[in-house]
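Please open the structure in your viewer and keep the sequence panel beside it. The tour below moves from the whole chain to a few chosen places, with a suggestion at each stop for what to select next.

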Amino acid sequence: EMLFKRIPNLPIYEGVFRYVYIMARRATNKPLISLCEDAPNFLLHYVANLPLLPPEVHTEEDVTRLRQILTSSDDVQALRNIAIFLFHRRDTEDLLNIKILIMHINTLDDVKCENFLNSIFTRSNDYQHGAWRSNISKLLGNVLNRSDDEVVGISEHALSFMLQISGFADWNIREQFHGLFSQLLARGQGHSAIAYARQACSATVRHSVEEVTASTEEA
């Protein structure tokens with residue numbers, strides 16, 4: 001314990017923290033976990049090492065911690081890392097999964113939603129104003145370029161997230177994606193994704209839902 005507290009300013013600290021924290025979590029060593037949680041900049045190290053924690057050691061405390069960071073943190077890198085991590089966690093049987101990200105976005109009004117998406121889609125080498133919208137467009141464009149079989153294989157939760165962000169994309173990509181989503185609905189896919197996105201506080205997200213459901217509801 002004394003050694004751990006003496007090394008925060010040494011170059012080896014990050015590696016030592018990672019090893020100690022992951023081993024403590026795997027072994028459910030509560031005293032050692034508490035020692036790590038009391039360390040300087042714990043949340044910074046926690047977010048950085050989150051992908052290394054196996055799902056079987058995740059707890060409700062992790063869920064609460066991620067929700068608190070998403071809600072209150074102004075650390076853009078932490079928000080981006082958590083969003084990327086959750087976006088790729090498609091198994092909703094795991095405690096930490098993409099639904100946490102979807103439900104967080106649903107709580108945001110238009111201004112907060114735009115600010116949040118700006119944070120998670122702006123990369124460190126983006127200098128052009130509005131680059132985050134272009135990055136959203138690139139993500140949706142990758143879906144538009146997939147084959148029908150590949151699109152059908154996209155999970156409902158991933159579709160819900162992409163529908164949430166689609167209203168903030170460049171106009172041409174937004175229209176193409178909404179057209180694709182309408183086709184999915186006509187084939188029986190995407191209805192669960194719609195149900196999640198309907199709960200959004202953001203008027204932009206709700207408008208996206210209205211656009212993709214208009215043709216099927218008229219039919």
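## The whole chain

Begin with the entire chain selected: of its 219 residues, 46% are buried. What is on screen is a predicted model, and its secondary structure comes to 14 helices and zero strands. If you colour by contact separation, keep in mind that, of the contacts with a separation of 6 or more, 64% are between residues 24 or more positions apart.

## Confidence

Next, colour the chain by pLDDT, for which the mean is 89, with 90% of the residues reaching 70 or more. Select residues 2-6, which form helix H1, and then residues 98-106, which form helix H7: among the elements of the chain, H1 has the lowest mean pLDDT, at 55, and H7 the highest, at 97. Where pLDDT is low, the predicted coordinates should not be read in detail.

## The nonpolar core

Now select Phe116, Leu117, Ile136, Phe161, Met162 and Phe181, which are the residues with the most contacts inside the largest nonpolar core, a set of 65 residues. Helix H6 gives the most to this core, with seven residues. From this group, pick Ile136 and show what surrounds it: once its neighbours within four places in sequence are left aside, Ile136 is in contact with Leu117, Phe121, Ile165, Phe168 and Ala169.

## The largest pocket

Which residues line the largest pocket? Select Arg80, Ala83, Ile84, Phe87, His88, Ile120, Phe121, Arg123, Asn135, Leu139 and Phe161, and the lining is in view. The elements that each give two or more residues to this lining are helix H6 (76-87), helix H8 (110-121) and helix H9 (131-144), and the largest share, four residues, comes from H6. The volume of the pocket is about 290 Å³, and if you colour its lining by class you will find seven nonpolar, two polar and two charged residues. Phe161 belongs to this lining and is also one of the residues with the most contacts inside the largest nonpolar core.

## A loop residue

For the last stop, select Ser155, which is found in the loop between helix H10 (148-152) and helix H11 (156-166). Is Ser155 buried, exposed or partly exposed? Its relative accessible area is 23%, so Ser155 counts as partly exposed. Finally, add Asp91 to the selection and draw a line between the two C-alpha atoms: Ser155 and Asp91 are 64 residues apart in sequence, while in space the separation is 9.5 Å.

Conventions:
Residues are numbered from 1 along each chain as its sequence is written. This is a predicted model: local features need pLDDT of at least 70, side-chain atom pairs count only at pLDDT 80 or more; totals for chains, interfaces and linings use all residues. Side-chain values use heavy atoms; hydrogens and water are left out. On a 1 Å grid over the protein atoms alone, a cavity is a set of points where a 1.4 Å probe fits but cannot get out, and a pocket is an open set with protein on both sides within 12 Å along at least five of seven lines; lining residues have an atom within 4 Å of a point. Grid points are joined across faces, edges and corners, and a volume is the space filled by probe spheres set on the points. Ala, Val, Leu, Ile, Met, Phe, Trp, Tyr, Cys and Pro count as nonpolar, Asp, Glu, Lys and Arg as charged, and the others, Gly among them, as polar. A nonpolar core is a set of buried Ala, Val, Leu, Ile, Met, Phe, Trp, Tyr and Cys residues joined through side-chain atoms within 4.5 Å. Buried means under 20% relative accessible area, exposed over 50%, partly exposed in between (1.4 Å probe, protein chains only). Contact means heavy atoms within 4.5 Å. pLDDT is the predictor's confidence in each residue, from 0 to 100.
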